[in-house]
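User: Could you take a close look at one part of this structure for me? I would like to understand one surface residue and how its surroundings tie in with the pairing of the chains.

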There are 2 protein chains.
Amino acid sequence: MRAAIIHGAHDVRVAERPDPTVREPTDAVIRTVATCVCGSDLWRYRGLAPVPEPKPIGHEYVGVVEEIGDAVNTLKPGDFVVGGFLHSDNRCPVCRKGMQSACPHGGGFDGCQAERIRIPNADGTLIATPGRPDADLVPSLLALSDVMGTGWHAAVSADVRPGSSVVVVGDGAVGLCGVLASAQLGATTIIAMSRHADRQAVATEFGATHVVPERGEDGLARVRELTEGIGADAVLECVGTEEARLDAVEYTRPGGMIGVVGLPHGDLPTDRLFWSNKGIRGGPAPVRAYLPHLIDLVWARQIDPGRVFDLTLPLSEVAEAYRAMDERRAIKVLLQP
Amino acid sequence: MRAAIIHGAHDVRVAERPDPTVREPTDAVIRTVATCVCGSDLWRYRGLAPVPEPKPIGHEYVGVVEEIGDAVNTLKPGDFVVGGFLHSDNRCPVCRKGMQSACPHGGGFDGCQAERIRIPNADGTLIATPGRPDADLVPSLLALSDVMGTGWHAAVSADVRPGSSVVVVGDGAVGLCGVLASAQLGATTIIAMSRHADRQAVATEFGATHVVPERGEDGLARVRELTEGIGADAVLECVGTEEARLDAVEYTRPGGMIGVVGLPHGDLPTDRLFWSNKGIRGGPAPVRAYLPHLIDLVWARQIDPGRVFDLTLPLSEVAEAYRAMDERRAIKVLLQP
């Protein structure tokens, strides 16, 4: 089969690899219907994370089950499935608390930008859709694999609820999905911090009530104007830089909550959080916990997170997909195997 | 009137001071019925915080209104009142969010270990009880002024709810009140980390289902045994040392929440919190937000937080009160003016 391999900075190529096979009785092998490039893949692409040797890459996917292990009970060949970027047994005490991303029997997998993928813990990781989706639903189902699940987690972690005021820091695919999640969870003021016209448009379509292009003191002043002068109930930090995190603290009202899904860089200003009673929560999204509800919403065409894909390319053009995202010509690129 | 004055480390004395008077139209002056010594007062008493000049001390009180300013509407002379350790206008956007401890028009006051106190923002700070309380209710009403309000805030910040498993770090008066708050909020497993028999007894009376005297690896092993091997849903950090805070992180399950009310010392392990999705929230308690409910519970004799007072002394013996708490001969000392 063909698969994307990262060789080093700015060097991703498609190559032939052996087809994956069922190794454990809990495995499934799926034929990929769509996959995509993640902002977090760019860390290695940009040389900001090491690539000691050529390695398959990608962790987002939807596909059709081709083969299952003897212990897989909830899936059968031919099922169209969605799964998160981490596998989990979905049965242990941690999973039962809804924190599948910390499942001690789970983990990550790379190599999903490929024609086929082996999924461990298939019963605890994949969910079959009610039937074969219409083609126009595929991007939105694919978005659930990471960015929409992660945006949802940011909103849940920030305790977004009906009537909340929300600021979303970061206008990448995850931040935009955070806007969509906040709207679904009933927020009534949703402020998207965005300077890019294309992303502002998606944010508005997803439910942003205000778009703030300013940064620094001006951005803070605009946020305060929109939140009775005190800051937002909930702030979604969807970037991961120290600057974004400190901005998020500023945008939060006393007693408010910051939901973090961007990878942590830099220490937290503990004292500042404490004296103003600002809380912080978040981490890798337990996508599996949110999938049933999110699949229902997509299936009923109530949400359309697939709007974050503004470029579609064949898998053979994966190098161009990375370039387009690296150069910010695309928000997110869908790959067709 | 007589008032406690701190002169420096290990030097608190009663002295004569002028009676306080109404200065602002929003002030009230109360005659103190009971006051007490707080663990946070010991920072200065132990020489761990500076005392540049002799200063009145104390921030917990219940009393009877003697005089009100022209703009005070909800109180009248003769009312028995309870108030928190910070004043607030209880009307601004921050207060309306329930975060009165961050009211931009409020602040702290010292000097409550005295026969009379001037309370600014009286309408937004004090609440009159339904009538003159029976003498046995006075200690419990006094406890609401800080320690019970703060323990309640730790539990609320840690998102304690029906069915939660909770660990309480710290067996001082605030920690013990955190146990009581957790029980009231419906937690079904409440683990008090305590090595002192007298405090263990109060913890059990307040609703602790388990008492763990062990620390370090052994303490963590015991907590895990009691929480399906994964740690608690909610951990209340009621100490404020770096060690206590790191212990709290360990005791928390993936996706769980740490409620902090101990003053922050040391930075947070940001990465560790993120990768296990542990959240942290808390700070100075908005006692005013919780007072109406807590007064109801005390008035109905459903809770008895006054149990944390295990020594009662006249105000004239304030020096002995500080010594008893400093030497851990008493959990908390009530002073009778």
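**A leucine on the surface**

Analyst: Leu263(B) is partly exposed, because its relative accessible area is 33%, and partly exposed covers the range between under 20% for buried and over 50% for exposed. Please keep in mind that this is a predicted model. Along the chain, Leu263(B) sits in a loop of chain B, with β15 (252-260) on one side and α10 (270-275) on the other.

Leu263(B) also belongs to a nonpolar patch on the surface, together with Trp43(B), Leu48(B) and Trp275(A). The accessible area of these residues together is about 410 Å². The patch includes Trp275 from chain A, so let us turn to how the two chains meet.

Here 38 residues of chain B are in contact with 38 residues of chain A. Between the two chains, about 3300 Å² of area is buried, and carbon and sulfur atoms give 60% of that. Charged groups take part too: four salt bridges are counted between chain B and chain A. One salt bridge joins the side chains of Lys97(A) and Asp233(B), at 2.9 Å from N to O.

Finally, the symmetry. A turn of 180° with a shift of 0.0 Å along the axis lays chain B on chain A, with an RMSD of 0.0 Å. This is the relation of a two-fold axis. The C-alpha of Ile280(B) is the one in chain B nearest the axis, 2.8 Å from it. Both copies use the same surface, as 100% of the contact residues of chain B recur in chain A.

Terms used
Residues numbered from 1 in each chain as written. Chains lettered and ligands numbered in written order. Predicted model: local features only at pLDDT ≥ 70, side-chain atom pairs only at ≥ 80, totals over all residues. Heavy atoms only, no water. Patch = residues over 30% accessible without salt bridge, like charges linked within 9 Å, V, L, I, M, F, W, Y side chains within 5 Å. Areas by Shrake-Rupley, 256 points an atom, 1.4 Å probe, with all protein chains shown as cover. Helix = DSSP H or I, 4+ residues; strand = E, 2+ residues; numbered from the N terminus. Buried < 20%, exposed > 50% of the residue type's maximum accessible area, 1.4 Å probe, protein only. Least-squares fit on C-alpha atoms with pLDDT ≥ 70 in both. Contact = heavy atoms within 4.5 Å. Buried area = accessible area lost by both parts, 1.4 Å probe.
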